[in-house]
Amino acid sequence: MSADPASLLVTSLRGVGNKIAEKLARLNLYTVQDVLFHLPFRYEDRTRVVPIGSLRPGESAVVQGEVLLTEIKFGRRRSMLSRISDGTGSLTLRFFHFNAAQKASLERGATVRCYGEARKGAATLELIHPEYQIVTALSNHEAEEHLTPVYSTTEGVHQLKLRDLTEQALKHVDDVYEWLPSDLLTELKLPTLQEAIKLLHRPAADISVHELTDSRHPTQQRLAFEELLAQHLSMRQLRERMQSHQAPSLKTAGKLQQQFLDALPFELTGAQQRVANEIQTDLDRDVPMQRLVQGDVGSGKTAVAACAVLSAIEAGYQVAMMAPTELLAEQHYQNFRQWLEPMGLQVAWLSGSLKTKPRRESLASIEDGSAQLIVGTHALFQAEVEFAKLGLVIIDEQHRFGVHQRLALREKGSSEGGHPHQLIMTATPIPRTLAMTFYADLDSSVIDEMPPGRTPVSTVVIPDSRRNEVVQRVEQACKSGRQVYWVCTLIEESEALQCEAAEDTAKALTEALSNLKVTLVHGRMKAAEKEAAMSAFKKGDIDLLVATTVIEVGVDVPNASLMVIENAERFGLAQLHQLRGRVGRGSHESSCVLLYKNPLSRRARDRLAVMRETTDGFEIARHDLEQRGPGEVLGTRQTGLAEMRVADLLRDQDLLPLVEQTATQLFEHWPEHIEPLIRRWIGDAQRYADV
Ligand code: ADP
Ligand code: MG
């Protein structure tokens, strides 16, 4: 009876053969412990029958009543309606799929018990497709003893099967190891792990479903704490492992850097200098740098990156610089060529869309070491790319890659000579709470000062109905020598349709502004076409650039002073901030017009108001996090890392200081507890940590 559930395979449970085990693997359930930690994501209260008269819209409940009338309605959609009453009130059951037998069973006078969510109907509350049973004198209808857990399922393993498996697994719950120090548990005044697991799988009838659904119950806090701890530990462990690797020291006399700075038309800001120094200190050492540089849009991250690039090159190493989109990578490529080629250095380009011949040439120059800086998209990390002597990897705008990708890249970048240094640059400020959990493996630097001479961008929010005024504004700006971006997008999910929409807008604007030069850039154009359009805009040959969000990051044209964003209500805050950051880069008075279509949802209205009121990236990030939650903000939703089971970074942020403290204790006194804790909560994702 005392086997560790972490080492008992699911096949030890009754009714689980190899076939079911394979299906359970899809839910990441391999051991009995995994089943115990497969917690319900919601609960239903079927423990009591609720009087119909007391039911409120939105509430899910069991009701029982007598059928007054069942009829088929031919409205917009054919449906079967059954009106029932229990004396306290009446409601309607609505079915869109039904058969004759069902209609017959719901005959007038029958007693029916149903479970469903009450919605407001035309006359009464309605239950749409409720689960129901006809109650007869003979049938046995005991109310359920516990709240009903609802698990996430997979094909071939349905709800009842999971209920049975958890029931069996719960017999082993007392053998689940407690890895947390006992004085901490006393301090937290939280229930034991075993109690917590039991309760969450089979909550007693008197516990509030709402409290459970919001994960505010003390037992859930117990588990949330442990989950946050496991996440944090895994990131710290990763960091420790990285620190145990070798990296080349990139200590140099700084000649190339000096040459570059002398040629720059501006001085670095104090913040840029400080961050460049922090980076250099890391590069001097022979352990891999893992540094995150946060700097708002336009704060001048590229010049800082250039300093690091030149140190690596001077020390005799190659640098790989990766950007999330082809357009942004191209901008960097052009930029760095302008900076480095006059110094006699060689910059190579690599992207997925490169044709065979230039691709082969690029690969050869990477392999033989003649290319000193290689700029590209994630194509840089494909298997056939072999670096001669990679010393530094720079990832720009990294939040778009997601945490897992970042971790995977570390592996790819490594070679026998050791691990390259890694510099990550992001314009999305990362609130400390998130940083502690998801970036605990990184050191961080902040460029908290803007280059001088920038004029703040003023933002106006205007309904689409006043589009003509906006078009006039575009004309005025261009007449006075400035340039304009017009961003259109996102009514449609499909990229093809988005590009079509952009084409239509470009056409309409070309007609309306016949004396201006208008050009279009979108994601489906060939790389060369995009590049041609962008460089023409950069040179000032084009007045108005109509674009999809391909211009979101990195594009840098100081003479552009007006940005119009269509359907601004569809964009998230981070994206709007990025887009708006394309203007206000020169000394001209700049503005941003957010065009929206009515009706506006409340959240969209809030977002637009935030944009109108502030240009502070940190402030905007804070609102963004509140509105969308960390999974979305970090772009890790798909990868599952931010999708925690019980914990919620925002709700549970009060726990974080204690999480950090406990992690330190474990590293010092109970290092052997760390691995099993991580495995319990993160399991599969942990393989990314095998650096
Ligand atoms: P981001 O941090 O958004 O990547 P960039 O590196 O693209 O910003 O820099 C934005 C613009 O500011 C560029 O035109 C760059 O040349 C300019 N810039 C960078 N640093 C300074 C500085 N210290 N003084 C003046 N202009 C600067
Ligand atoms: Mg940039």
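Helices, in the numbering I shall use, are DSSP runs of H or I with at least four residues, counted from the N terminus. With that convention, Thr 269 is placed in the loop that connects helix 9 (255-263) and helix 10 (270-284). Please bear in mind that this is a predicted model.

Let me stay with Thr 269 for a moment. Is Thr 269 buried or exposed? Its relative accessible area is 5%, and buried means under 20%, so Thr 269 counts as buried. Leaving aside residues up to four places away in sequence, Thr 269 touches Glu 449, Met 450, Pro 451 and Pro 452.

I turn now to the domains. The protein chain is divided into domain 1 (10-43 + 155-202), domain 2 (48-143) and domain 3 (457-614). Between the C-alpha centres of domain 1 and domain 2 there are 35 Å.

Next, the sheet. Six strands form an open sheet in the order 16-21-20-17-19-18, and the pairing is parallel. Strand 16 (457-463) and strand 18 (518-521) are the edge strands, each pairing on one side only. On average, and ignoring direction, neighbouring strands of this sheet are turned by 20° against each other. Strand 16 is joined to strand 21 (residues 590-596) by seven bridges, and Pro 463 stands opposite Tyr 596 of strand 21.

Finally, two helices lie across these strands. Helix 16 (residues 467-479) crosses strand 16, strand 17 (483-487), strand 19 (544-547), strand 20 (560-565) and strand 21, at about 150° to strand 17. Helix 18 (residues 527-539) lies across strand 17, strand 18, strand 19 and strand 20, and runs at about 140° to strand 18.

Methods: Residues are numbered from 1 along each chain as its sequence is written. Chains are lettered from A and ligands numbered from 1 in the order in which they are written. This is a predicted model: local features need pLDDT of at least 70, side-chain atom pairs count only at pLDDT 80 or more; totals for chains, interfaces and linings use all residues. Side-chain values use heavy atoms; hydrogens and water are left out. Buried means under 20% relative accessible area, exposed over 50%, partly exposed in between (1.4 Å probe, protein chains only). Contact means heavy atoms within 4.5 Å. Domain bounds come from an automatic or database domain assignment. Two strands pair if DSSP finds at least two bridges between them. Axes are lines fitted to C-alpha atoms, for helices over the stretch in contact, and angles run from 0 to 180 degrees between N-to-C directions.
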